[in-house]
Structure formats: C-alpha cells, structure tokens
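The following report goes through the structure shown below, taking up surface, helix, polar contacts and charged pairs in turn.

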Amino acid sequence: MTNNPFYVEVSCQQKNFDGERICGDVFLSKKIKEENRIIAVLSDGMGHGVKANMLSTLTATMALNFTEEHKDFQKIAEIIMNTLPVCSDRKMSYSTFTIVDIDYDGETKILEYDNPQSIILRGNKIYDPEWNCIILESEKTQVKN
C-alpha cells in the first residue's frame, strides 16, 4: 500500500465536428510505472478532418515521446514548432498542444502552446501556480515587432 496523498485520474471525451468521421483533436496518455509518472498530451489540429487529425497526431506523439525521454520543455517546444508547417494565410502553426507530466510525488509540469490556459483545482478552489513563459528562438517562431 502506498502513502500517496492524492489520486491521479486521466480521462478524455471527444466529439467530432458535425458530419466528420475523424476528429482534429488528439489526446494521448501514458503511465510509466517504472518512474511513477503519468504523461497526458492534448493536441488540437487547426480545423477538422484528416489534415487536422494527422498534424495533431504528429504533434501529440512527438510531445509524448520527448516528455517520456525527459527532454527539456523548451527543447520539446522548439522541436515540435520547427517540425510543424505554418499556415500561409494565418501565419500560425497548424497544431497546438498541452503536455502534463505528473510525478507520483506530486510534482507536475505543464507545457502549453496556443491552447487555452489549464485550470488547476485544489479541492473546489482554483490554484494559480507560478507560470513561466518560454520564449522560443527559432526561424518559425520569431515574433516581429
């Protein structure tokens, strides 16, 4: 029996766009028993259908694998952003993502790119952690003044 002060439950429910057989969002999670970790990734492909699903699947798979390998979050974000194509009209990536890496000791890391900010609850109260903003230094992610 373990002395964990908390319980981690990971779940996902998706609804396809009206008339579509494929969802443009992808959710992946993995329990790593040897390291007492759970990783969950949500990726949102721009739009819906096959193209959105392919790009969000690519994003979610890369995010899950790099996180499992303990890559630095800034490096993970840079690799994913340099891999994804950019929409020529909107000048933005075709996919967004959120990575949650939970250690059974309670340490949790969250990396978000262009998704709505996560809401963290402790009991019935919203918990506001100290968020750190990562500035990506790459050709595809430079901000123009």
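Val50, with a relative accessibility of 49%, is classed as partly exposed, because the label exposed is kept for values over 50%. The model is a predicted one, and in it Val50 belongs to helix 1. Together with Ile22 and Met54, Val50 makes up a nonpolar surface patch whose joint accessible area is about 270 Å².

**Overall architecture**

The protein chain contains two helices and six strands, and their order from the N terminus is β-β-α-α-β-β-β-β. Of its 145 residues, 32% count as buried. Among the contacts with a separation of 6 or more, 52% join residues that are 24 or more positions apart. The chain exposes about 10,400 Å², and 48% of this area is supplied by carbon and sulfur atoms.

**Helix 1 and its surroundings**

Helix 1 comprises 19 residues, 50-68, and at 1.5 Å a residue it should span 27 Å; the C-alpha atoms at its ends are indeed 27 Å apart, so the expected and the modelled span agree. Its buried residues are Ala52, Leu55, Ser56, Thr59, Ala60, Met62, Ala63, Leu64, Phe66 and Thr67. What do these buried residues pack against? Their partners are strand 1 (25-32), strand 2 (37-45), helix 2 (73-83) and strand 3 (95-103). Just after the helix, His70 adopts a positive phi of about 65 degrees.

Thr59, in helix 1, gives a detailed view of this packing. Its relative accessibility is 0%, and it therefore counts as buried. A polar atom of the Thr59 side chain lies 2.8 Å from the backbone oxygen of Leu55. When residues up to four places away in sequence are not counted, Thr59 touches Ser43, Ile80, Leu84, Ser95, Thr96 and Phe97.

**Two further polar side chains**

Thr98 is located in strand 3 and, at 10% relative accessibility, is buried, since the limit for that class is a value under 20%. Its side chain forms a polar contact of 2.9 Å with the side chain of Asn115. Neighbours within four places in sequence aside, the residues in contact with Thr98 are Ala40, Val41, Leu42, Ile110, Leu111, Glu112, Asn115 and Ser118.

Gln14 sits in the segment before strand 1 and has a relative accessible area of 42%, which places it in the partly exposed class. To which backbone oxygen does the side chain of Gln14 reach? The side chain extends to that of Asp25, at a distance of 2.8 Å. Asp25 is also one of the residues in contact with Gln14 when neighbours within four places in sequence are left aside, the others being Cys23, Val26 and Phe27. Between Gln14 and Val26, which are twelve residues apart in sequence, the C-alpha to C-alpha distance is 8.8 Å.

**Salt bridges**

Side chains of opposite charge can pair when their charged atoms come close. A search of the whole structure yields five salt bridges, and the table lists pairs for which a distance between N and O atoms is available.

| Basic residue | Acidic residue | N to O distance |
|---|---|---|
| Lys30 | Glu68 | 3.0 Å |
| Lys71 | Glu69 | 3.8 Å |
| Lys109 | Glu107 | 4.0 Å |

Where do the partners of the bridge between Glu68 and Lys30 lie? The salt bridge between Glu68 and Lys30 has its closest N and O atoms 3.0 Å apart. This pair links distant parts of the chain, with Glu68 in helix 1 and Lys30 in strand 1, 38 residues apart. Glu68 has a relative accessibility of 23% and so counts as partly exposed; Lys30, with a relative accessible area of 34%, is partly exposed as well.

The lysines of the other tabulated pairs can be described in a similar way. Lys71, paired with Glu69, is partly exposed at a relative accessible area of 34%. Lys109, whose side chain meets that of Glu107, is partly exposed with a relative accessible area of 42%. In addition, Glu35, Arg37 and Asp101 are connected in a network of salt bridges.

Methods:
Residues are numbered from 1 along each chain as its sequence is written. This is a predicted model: local features need pLDDT of at least 70, side-chain atom pairs count only at pLDDT 80 or more; totals for chains, interfaces and linings use all residues. Side-chain values use heavy atoms; hydrogens and water are left out. Helices (H or I, at least four residues) and strands (E, at least two) are DSSP runs, numbered from the N terminus. The expected span of a helix is 1.5 Å times one less than its number of residues. Buried means under 20% relative accessible area, exposed over 50%, partly exposed in between (1.4 Å probe, protein chains only). Contact means heavy atoms within 4.5 Å. Patches are made of residues with over 30% relative accessible area and no salt bridge: like charges are joined within 9 Å, nonpolar side chains (Val, Leu, Ile, Met, Phe, Trp, Tyr) within 5 Å. Accessible areas come from the Shrake-Rupley method with a 1.4 Å probe; for residues, only the protein chains shown count as cover. A polar contact is a pair of N or O atoms within 3.5 Å; within protein, one must be able to donate a hydrogen and the other to accept it, and residues adjacent in sequence count only if both atoms are side-chain atoms.
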